[in-house]
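Work through the exercises below with the sequence and the coordinates open. Each task is followed by a solution in steps.

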Amino acid sequence: MAIHLTAAMRVIATGMTSVIRYVFTLTTSLIITKRAACWSLFIMALTGLSASSFAVFAADTASSHFAANSNSNLNSNSGSSEAIKSDVSHTQAPISKTIVTTIQQTWQLNLLKEALRRSDSGYQVQQMSTQMNQKRKVEEAMAGTVDVFWSMTSKELEETVLPVRIPLFKGLLGNRLLIIRKADETRFAKVKTMADFRQLKAGQNRYWPDATILEANGLPVVTSYQYTNLYPMLEGGRFDYLALGAQEIGEELASHPDPALKVDSHILLQYRSPAYFFVSPKRPELAAAILAGLESMVSDGSFDEMFNRELKIEQLYREAKFEQRVIIRLDTPDLSPLTPIERKELWLGLFSMQGAK
């Protein structure tokens, strides 16, 4: 507080209020890390603060200004990323460099760490060991206990926490393969149209946005609040299939081994459902840092290189044989208009496939 008062007194004494407003205007378009650096030089020159003393002042100033301007665009290399909103108080404590995440999966965690490294932010990632469902993650993020998690998006989620709108799986999560009973393989092989597909009943986690999407498209759905319950429910005939992202279905079935179940080889269920990093509303500076890092990776091609390598995309395409499947396409009714669909570099080409006829 003493540092803040000293800086403020010197500014007032020299009549520099209008200059500060002008510097705010000039630096608004910069990513938060560069903005803080500019302010560091300005305040140090103006007040004589040391670099170490300025660190506290800069963190408070950057977060407060970001909150006050939460409706402005966060410029990226493409210039199309939408502003990340915040209700952070102007009296927020110095920014913590430790961030708490529920993310356990290798790809998502490695991507998060690389994005933060790229943003020059100095953050250290701390994983929570507690298992949480979607609802609990959102509650903890609102409370500030969890700083960042990943999820398939929904309108409600984007209005509650801060979305970083770079699709983590390039749309692959919305290309769903089906876990079915082996005894029903011939039944699924006869599906040719949406009308045929509507004769089959889906199983879904009630907390996942997928359940709402399936229901909105007129598909019969049976839900459970516990994901692990879906496997015995499927085997027991409560529903006919469980749809999972193509990149995750093999590992998921292997983790719930059941000789009566298999991955269907005939149908591709497809709908636009990007997965994003979601950040606590209490950490807008973190959302800005993640966005800056991801945009840097997209721009220089390292996002695609890392994505292809870690998710073994070539092998997945060979095994899934997407183009040989009957494609059942669904609408996503509440997909945000801010979804960056027009940015082709962020998506795989699967949504333009015709599939088997």
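The model is predicted.

**Exercise 1. The largest pocket**

Task: Divide the lining of the largest pocket by residue class, then find which element gives the most to it.

Solution.
- Step 1. The lining splits into 20 nonpolar, 17 polar and 10 charged residues.
- Step 2. These belong to a lining of 47 residues, and Gln105, Gln108, Trp150, Glu248 and Glu252 lie nearest the centre of the pocket.
- Step 3. Elements that give two or more residues include helix H5 (106–118), helix H6 (134–143), strand E3 (148–152) and strand E5 (175–181). Helix H12 (249–255) gives the most, with 5 residues.
- Step 4. The space in this pocket comes to about 1600 Å³.

**Exercise 2. Strand E3**

Task: Sort the residues of E3 by the way they point, and state whether they are buried or exposed.

Solution.
- Step 1. Val148, Trp150 and Met152 point one way, while Phe149 and Ser151 point the other way.
- Step 2. Buried means under 20% relative accessible area. By that cut-off, 5 of the 5 residues of E3 are buried.
- Step 3. E3 is joined to strand E11 (residues 275–279) by 5 bridges, and the two run antiparallel. Within this pairing, methionine 152 is opposite alanine 275.

**Exercise 3. Strand E5 and its partners**

Task: Find the strands that pair with E5 in the antiparallel sense, with the number of bridges for each.

Solution.
- Step 1. Strand E8 (residues 241–245) pairs with E5 over 5 bridges, antiparallel. Isoleucine 180 has tyrosine 241 of E8 as its bridge partner.
- Step 2. E9 pairs with E5 over 3 bridges, also antiparallel, and there isoleucine 179 is opposite valine 263.
- Step 3. E10 pairs with E5 over 2 bridges, again antiparallel; asparagine 175 is opposite glutamine 270.
- Step 4. Why does E5 count as largely enclosed by the rest of the structure? Because 7 of its 7 residues are buried.

**Exercise 4. Histidine 266**

Task: Place histidine 266 in the chain and decide whether it is buried or exposed.

Solution.
- Step 1. Histidine 266 sits in the loop between strand E9 (261–263) and strand E10 (267–270).
- Step 2. Its relative accessibility is 15%, so it counts as buried.
- Step 3. Phenylalanine 188 is 78 residues away from histidine 266 in sequence, yet the C-alpha to C-alpha separation is 7.1 Å.

**Exercise 5. A β-α-β unit**

Task: Give the handedness of the unit made by E6, helix H10 (residues 209–216) and E7, and describe its strands.

Solution.
- Step 1. The unit is right-handed.
- Step 2. Strand E6 (residues 202–205) and E7 run parallel and are joined by 4 bridges. Glutamine 204 has threonine 223 as its bridge partner in E7.
- Step 3. In E7 (residues 221–224), Val222 and Ser224 form the covered face, and Val221 and Thr223 the uncovered one.

**Exercise 6. Cores and a cavity**

Task: Find the members of the largest nonpolar core that touch the most other members, then describe the second largest cavity.

Solution.
- Step 1. The core has 79 residues, and Phe169, Leu172, Phe197, Tyr241, Phe277, Ile290 and Phe322 touch the most other members.
- Step 2. Helix H13 (residues 284–300) supplies the largest share of this core, 8 residues. A separate core of 11 residues includes Val100, Val138, Val146 and Tyr276.
- Step 3. The whole structure has 5 cavities of 30 Å³ or more. The second largest has a volume of about 40 Å³, and its lining has 2 nonpolar, 5 polar and 4 charged residues. Lys155, Glu158, Arg272 and Asp334 are among them.

How values were computed: Residues numbered from 1 in each chain as written. Predicted model: local features only at pLDDT ≥ 70, side-chain atom pairs only at ≥ 80, totals over all residues. Heavy atoms only, no water. 1 Å grid on protein atoms, 1.4 Å probe; cavity = no way out; pocket = protein on both sides within 12 Å on 5 of 7 lines; lining within 4 Å. Points joined across faces, edges and corners; volume = space filled by probe spheres on them. Nonpolar A, V, L, I, M, F, W, Y, C, P; charged D, E, K, R; others polar. Core = buried A, V, L, I, M, F, W, Y, C linked by side-chain atoms within 4.5 Å. Buried < 20%, exposed > 50% of the residue type's maximum accessible area, 1.4 Å probe, protein only. Pairing = 2+ DSSP bridges. Right-handed = clockwise from strand over helix to strand, strands pointing away.
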